Amino acid sequence: MSSDLAGKRALVTGSTSGLGLAMATALAGAGADVMLNGLGEAAAIEATRAGLEKKTGRRILFDGADMTRPKEIAAMVERTETEFGGLDILVNNAGIQFTAKVEDFPPERWDAILAINLTAVFHGCRAAVPGMKERGWGRIVNTASAHGLVASVEKSAYVAAKHGVVGLTKVVALETAEHGITCNSICPGWVRTAIVEQQIEARAKAKGVPIEEEARVLVGEKSPSRTFVTPEQIAALCLFLCSDAASQITGAAMTMDGGWTAQ
Ligand code: NAD
């Protein structure tokens, strides 16, 4: 049993910040070459890429594919296979959020959330599975959410997309089970990344309370532990799912949510 990923080739979507960057860092730390992806300022992305390469001694590349564009996703998978000689680990992680009641939800925000949070996962799996089947080994980790299992108000698109990710994960797991490939979703509770910071700031502003006070209220509303999950804890779960020890975990929705979905 080993979690040593030396020689493995990984692609992590949405890895210019937050959970994706933490997972990419952990995978490179365990010995994998990593293709980064995501939005952001070119100089900042290059600093992240070069920093990770220096820190881990692995090959770290960046591809700016837009997750709303299927052709760019397929081209990024193909480029990863060409540059690294194959793709063994695919982490479909890019995601966005928007909150409003269903009757006020702008249709273009619905379309964008479904495209990035769900449809991009399909396009990534579609492009990566044939190579994994050919080599007889693969790991697909999809970042779903506690909102892939339960709902909250004002998150119709996000909850629909994340429930979709949990379902899609199960189908890909069944179709790849005999090929040495696993496909699982990770369901984090609150992690204090950019996507959540925006929600805390908006709520604090609306109530006229300090940001830290609202952060405590937000996490306490959902998580019995009243504690944020850290990106490093999510990255450790991702690393475990990529290890030999996890070869019989497939089709699972792995929660890490301080007890949120146990209620
Ligand atoms: P984040 O905003 O830091 O990261 C989102 C990443 O997605 C960034 O790298 C961003 O550039 C990328 N991205 C957004 N739109 C893109 C596009 N069109 N094309 C390519 N990349 C794009 O937030 P995060 O919390 O790290 O989110 C990562 C994932 O974790 C998301 O799928 C999110 O839904 C999920 N998640 C987060 C939490 C949380 O509490 N933070 C909880 C559960 C699930």
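A polar contact is a pair of N or O atoms within 3.5 Å; within protein, one must be able to donate a hydrogen and the other to accept it, and residues adjacent in sequence count only if both atoms are side-chain atoms. The model is predicted, with local features needing pLDDT of at least 70 and side-chain atom pairs counting only at pLDDT 80 or more, while totals for chains, interfaces and linings use all residues. Residues are numbered from 1 along each chain as its sequence is written, and side-chain values use heavy atoms, leaving out hydrogens and water.

**Exercise 1.** Determine how far polar atoms of G14, T16 and K162 lie from oxygen atoms of the ligand.

*Solution.* Begin with the backbone: a polar backbone atom of G14 is 3.2 Å from a ligand oxygen. Next, an N or O atom in the side chain of T16 lies 2.8 Å from an oxygen atom of the ligand. Finally, for K162, a polar side-chain atom is 2.9 Å from a ligand oxygen. The protein buries 93% of the 830 Å² that the ligand exposes when taken alone (Shrake-Rupley method, 1.4 Å probe).

**Exercise 2.** Describe the shell around the ligand by residue class and by domain.

*Solution.* By class, the shell holds 15 nonpolar, 13 polar (Gly among them) and 2 charged residues. By domain, at least three residues come from each of domain 1 (9-189 + 230-256) and domain 2 (192-228), with bounds from an automatic or database assignment.
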